[in-house]
Amino acid sequence: AASASTPPRLSAPRAKQVRYFTLCYTAPTHVVHAAMVEAYKKCVLASLLATGEQPAQPKYTALPIQRYIKTGVPAYSELAEAFATRSPAELRSAITKHEATFARDRNLGLARQCVGALVRRSIRSLTQAYLTLSLADIAAAAQLESPAEAEGHVVAMVAAGDISATIDEPQGMVHFSESADAFDSPGAVAAMEASISGAIGVATKLQAMHAQLCADSQYLSRVMRERVQSRWEDDGMGMGK
């Protein structure tokens, strides 16, 4: 069996890369510079890995760059289009087709990482809709070749903290669960402290209300009357038996 209790890891480094690459290729210019083109290529790959989508092109992108992007980087455009189909087979086909281009640009490793990112994204989406799925169903939904391959991806994602799940190997079933926060980030620690502070505040208010009621003569008199009435009813029921 495999299980996890860590939260999904955010792709903050990738998101930061997307921002930096975007700043580079959208710099004001009247001509297309090689550095800007290379930045855009890496921006496409980093964005696919971080968000599963092509990078949003800012409106202030220089016109020469906008025109070049439309037709000048067909390998990366086709890669992004293949990723959008959510088909690992089509994505692999696009990578194979343009393998020489990616290798020349020294982006072949990043391009190949997109296949794993697509599979993980497909499996992660299943955790939002299902509590239990068979490995065969996961393989079919993620378009993998076999339940064994699906199990390998699930185990890897659990180990990485991407999802929280338990695998019932004899039954071939996967049970998804909400990820328990490990509180290993500043945001998580702040949320925990806020929750603790709120709980302490509620407890303080309850104690103050209890102290006030204990000093309220009308409340104490009513409680005593109810207790006496309850005893009379119990005695009456006992006499009737």
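**View 1. The hairpin of β2 and β3 in the predicted model.** In this hairpin, four residues lie between the two strands, and Gly172 adopts a positive phi near 70 degrees. The model shown in this and the following views is predicted. Strand β2 and strand β3 (residues 173-176) are joined by four bridges in the antiparallel sense. Among the bridge partners, Asp168 is matched with Met173 of β3. Thr166 has His175 of β3 as its partner, and Ala165 is bridged to Phe176 of β3.

**View 2. The open sheet of three strands.** The strands of this open sheet follow the order β1-β3-β2, with antiparallel pairing. Its edge strands are β1 (132-134) and β2 (165-168), each of which pairs on one side only. Direction ignored, neighbouring strands of the sheet are turned against each other by 20 degrees on average. Three bridges link β1 and β3, again in the antiparallel sense. Opposite Thr132 stands His175 of β3; His175 is also the bridge partner of Thr166. In general, strands of a sheet pair through backbone hydrogen bonds, in either a parallel or an antiparallel manner.

**View 3. The two faces of β2 and β3.** The side chains of β2 alternate along the strand. Ala165 and Ile167 point to one face and are buried, whereas Thr166 and Asp168 point to the other face and are not buried. Strand β3 likewise has a covered face, formed by Val174 and Phe176. The uncovered face of β3 carries Met173 and His175. The bridged pair Ala165 and Phe176 thus belongs to the view of the covered side chains: Ala165 is buried, and Phe176 is on the covered face of β3.

**View 4. Packing of helix α2 against helix α7.** Helix α2 (residues 34-51) and α7 pack with their axes 9 Å apart and at an angle of about 20 degrees. This angle makes α2 roughly parallel to α7. The crossing of the two helices is left-handed. On the α2 side, the contact is made by Leu45, Leu48, Leu49, Ala50 and Thr51. On the α7 side, Leu110, Ala111, Gln113, Cys114, Ala117 and Arg121 take part. By residue class, the contact of α2 with α7 comprises eight nonpolar, two polar and one charged.

**View 5. Packing of helix α5 against helix α7.** The axes of α5 and α7 are 10 Å apart, and the helices pack at an angle of about 175 degrees. Helix α5 is therefore roughly antiparallel to α7. Pro88, Leu91, Arg92 and Ile95 of α5 make the contact with Leu108, Ala111, Arg112, Cys114, Val115, Leu118 and Val119 of α7. The residues of this contact of α5 with α7 divide into nine nonpolar, no polar and two charged. Ala111 and Cys114 of α7 also take part in the contact with α2.

**View 6. The surroundings of Pro88.** Pro88 is located in helix α5 (residues 88-97). With a relative accessible area of 1%, Pro88 is buried. Pro88 and Val115 are separated by 27 residues in sequence, yet their C-alpha atoms are 6.0 Å apart in space. When neighbours within four places in sequence are left aside, Pro88 is in contact with Leu118, Val119, Ala142 and Gln143.

**View 7. Crossing of helix α7 and helix α9.** The axes of helix α7 (residues 108-127) and helix α9 (residues 147-160) come within 11 Å and cross at roughly 80 degrees. The two helices are therefore roughly perpendicular to each other. Val119, Arg120, Ile123 and Arg124 of α7 meet His153, Val154 and Met157 of α9. The contact of α7 with α9 consists of four nonpolar, one polar and two charged residues. Val119, a member of this contact, also takes part in the contact of α7 with α5.

Definitions and conventions. Residues are numbered from 1 along each chain as its sequence is written. Side-chain values use heavy atoms; hydrogens and water are left out. Axes are lines fitted to C-alpha atoms, for helices over the stretch in contact, and angles run from 0 to 180 degrees between N-to-C directions. Angles under 35 degrees count as roughly parallel, over 145 as roughly antiparallel, 65 to 115 as roughly perpendicular and the rest as oblique. Contact means heavy atoms within 4.5 Å. Ala, Val, Leu, Ile, Met, Phe, Trp, Tyr, Cys and Pro count as nonpolar, Asp, Glu, Lys and Arg as charged, and the others, Gly among them, as polar. Two strands pair if DSSP finds at least two bridges between them. A crossing is left-handed if the near helix is turned anticlockwise from the far one by less than a right angle, and right-handed if clockwise. Buried means under 20% relative accessible area, exposed over 50%, partly exposed in between (1.4 Å probe, protein chains only).
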